Amino acid sequence: MNNKISRYVYLIFCFLFHIKYGYSKNNLEFSHAKKFGTILVQDKKGRIKPMNTVALELLRKISKKDSIKNLDANNWLISFYKDPNIWFIYPFIKISKKGGKKLFNITKADKYGNTSLINLYEKKKNKKYQLIFEKDFINAFSKNPFERNNYEKEIINLTEKVNLLFSILKGEYINILPIPNNINSPWTSWLKNNNITSFKNYIKLLIDSKKNGNWDKPNKILDDIICFQQKYGKTIIPSYKKIKVELFYNKLNIFYFLMYIYLIIGFIIILFSFIRFFCFKKQIDFIINILYYIIYLFFIYHTFGLCLRWYVSFHAPWSNEYESIIFISWCTLFSGLILSKNKKIFIPGISCIISSILLSIAYINLINPEITNLVPVLKSYWLIIHVAIIISSYGFLSVSSFIGLLVLILFILKKFVFIKNIKLIINDLTSINELSMTIGLFLLTIGTSLGAIWANESWGSYWSWDPKETWALISIMVYVFILHMRLIPSLRGKYIFNVFSFLSILSILITYFGVNYYLSGLHSYAKGNDLFVSKIFIILLILIIIIIIFSSYKRRS
């Protein structure tokens, strides 16, 4: 008992000491930390990338952050090797809320959902430590992915984070040394290869340099490693320019920044649009025009981010779930700008909000933004053509759906506020809605047809009734029906058209999210994973029902 108390007193002392002094001690000289981030690493899939990218990926997987306290990713990774005891007791492991209060209580997570590694272990009678949820993990792992509840899924994710921390300690993520005269062999870890200098010696030099302020010796080691990589791995390592671009891309974090900007600008534009139409304050046009051109600037910035990712990855930036979402966001904003002829001021605001929602799906659900090498089937020019056209259609169809929502809201407001030109606004938005849907349907049909050609080249069959193919066909039929409803007397009218255009987004959600994450098929990203989309789908369905019932009641009354 006394030993146990002494141990916890020691840990508390260490924790308080490092909170006060540890982080300033672990912050290296800026130039050295920056140089450390430029060291090239070969990951398990063979991609060669800067150490800064590796550090960011690891930190995001564990803590869902890009930095901790005053430590950036580079300093954090060095600190983890230099003094791992800090990170055993510091609460930086993120616990997902999906696991519920049970997981929070077991892991002793704080109010921010963070816990420490030491909180996840308990001492047994044989004086060995094991995970406090080891039995739950074994039980969850033995189940089919579809049979696991949220708690069990998060137990598995948490166990992966723990294993990741120990893998970092073993040096599995610092494979920085190529094998001399053997290009095809995987690079070796710095901890297992002392061709330049031992890793322990490097850490010792860092401690000494922090004390005396002279960084020449650790800088010399990094320079030697860079020269070693260029000498024995020059045929496979990226160019210096590409490395600099990737580091620049990491620093900007463009899409996370745009997630908030689009949301703010979108709401401001829609607010001013309502003020302009309902209060007849046309002097607001000047402000709206400024915001309109600001959207263009951020759209260019978004395009710049996609181009940077394309250049770094050496393939079109819509090959995985994260890239496809940020590209759909771009397409949505593009469609909004195209459709806002004569500055139809509601449309850019709508497209901004949709773009923000899409980016938030990528970041709130923490979809892995890691740049990876393409699988063989995707190494085709069809990736650029087919996927780009399909995703572009999603942008136009999303805008169409949200225009339908806005028109339904206007139908509701029409019964509360007497505005002379509200009918003109409804007519105008309905026309734009129909145009957006027509363009989206055209792109969806062309993209699906081209996908059949690609499927024949890859798998020898134009159509195999894969869930993605089936739901793409269903979506086409849904939108064809909506655009031809005017031929049915009982389904004519702007109200009915906008109701169905709003409902139609459900088919796209199933086609993209439902198939990719919940159904088994050739297009599935992560079958069995809960991407939070199920909750969005339920909330959206409830919202649709409420709005349709309320607008229908007000319209008939």
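Visitor: Hi! Before we start, what does "buried" mean here?
Guide: Happy to help! A residue is buried when its relative accessible area is under 20%. This is a predicted model, and buried residues make up 50% of the 557 residues in the protein.

Visitor: Good to know. How many helices and strands does the protein have?
Guide: There are 21 helices and 10 strands.

Visitor: And the contacts, what share comes from residues 24 or more positions apart?
Guide: Among contacts with a separation of 6 or more, 69% are between residues 24 or more positions apart.

Visitor: What about the surface, how much area is exposed?
Guide: The protein exposes about 27900 Å², and carbon and sulfur atoms supply 63% of that area.

Visitor: Let's pick a helix. How far does α9 reach from its first C-alpha to its last?
Guide: Helix α9 covers residues 199-212, which is 14 residues, and reaches 20 Å. That is close to the 20 Å expected at 1.5 Å a residue.

Visitor: Which residues of α9 are buried?
Guide: They are Phe 199, Tyr 202, Ile 203, Leu 205, Leu 206 and Ser 209. These residues are on the same side of α9 because they cover an arc of only 160 degrees around the axis.

Visitor: So what covers them?
Guide: The cover includes α2 (30-38), α4 (73-82) and α10 (216-232).

Visitor: And which exposed residues sit on the face turned away from the buried side of α9?
Guide: That face carries Lys 200, Lys 211 and Asn 212.

Visitor: What follows α9?
Guide: Gly 213 does, with a positive phi near 75 degrees.

Visitor: Can we do α6 too? Which residues are buried there?
Guide: Sure! In α6 (residues 100-107), the buried ones are Leu 103, Phe 104 and Thr 107. Their arc around the axis is only 100 degrees, so they lie on the same side of α6.

Visitor: What covers the buried residues of α6, and what is on the face turned away?
Guide: Their cover includes β6 (114-115) and α8 (150-169). The face turned away from the buried side carries the exposed residues Lys 101 and Asn 105.

Visitor: And what comes after α6?
Guide: Lys 108 follows α6, and its phi is positive, near 55 degrees.

Visitor: Why would I look twice at a positive phi?
Guide: Because most residues other than glycine have a negative phi.

Visitor: Makes sense. What is phi for Lys 64, and where is that residue?
Guide: Phi of Lys 64 is near 60 degrees, a positive value in a residue other than glycine. Lys 64 is in the loop between α3 (51-63) and β3 (67-68). With 33% relative accessibility, Lys 64 counts as partly exposed.

Visitor: How about Asn 181, is that one buried or exposed?
Guide: Asn 181 is exposed, with a relative accessible area of 77%. You'll find Asn 181 in the loop between β9 (175-177) and β10 (188-189). Its phi is positive, about 60 degrees, although Asn 181 is not a glycine.

Visitor: Changing topic: which residues make the nonpolar surface patch of about 370 Å²?
Guide: That patch is made by Trp 310, Tyr 381, Ile 384 and Ile 385.

Visitor: Where is Ile 384?
Guide: Ile 384 is in helix α16, which covers residues 382-414. At 38% relative accessibility, Ile 384 counts as partly exposed.

Visitor: Lovely, thanks for the tour!
Guide: Any time!

Terms used
Residues are numbered from 1 along each chain as its sequence is written. This is a predicted model: local features need pLDDT of at least 70, side-chain atom pairs count only at pLDDT 80 or more; totals for chains, interfaces and linings use all residues. Side-chain values use heavy atoms; hydrogens and water are left out. Helices (H or I, at least four residues) and strands (E, at least two) are DSSP runs, numbered from the N terminus. The expected span of a helix is 1.5 Å times one less than its number of residues. Buried means under 20% relative accessible area, exposed over 50%, partly exposed in between (1.4 Å probe, protein chains only). The arc is that of the directions from the helix axis to the C-beta atoms. Contact means heavy atoms within 4.5 Å. Patches are made of residues with over 30% relative accessible area and no salt bridge: like charges are joined within 9 Å, nonpolar side chains (Val, Leu, Ile, Met, Phe, Trp, Tyr) within 5 Å. Accessible areas come from the Shrake-Rupley method with a 1.4 Å probe; for residues, only the protein chains shown count as cover. A salt bridge is a side-chain nitrogen of Lys or Arg within 4 Å of a carboxyl oxygen of Asp or Glu.
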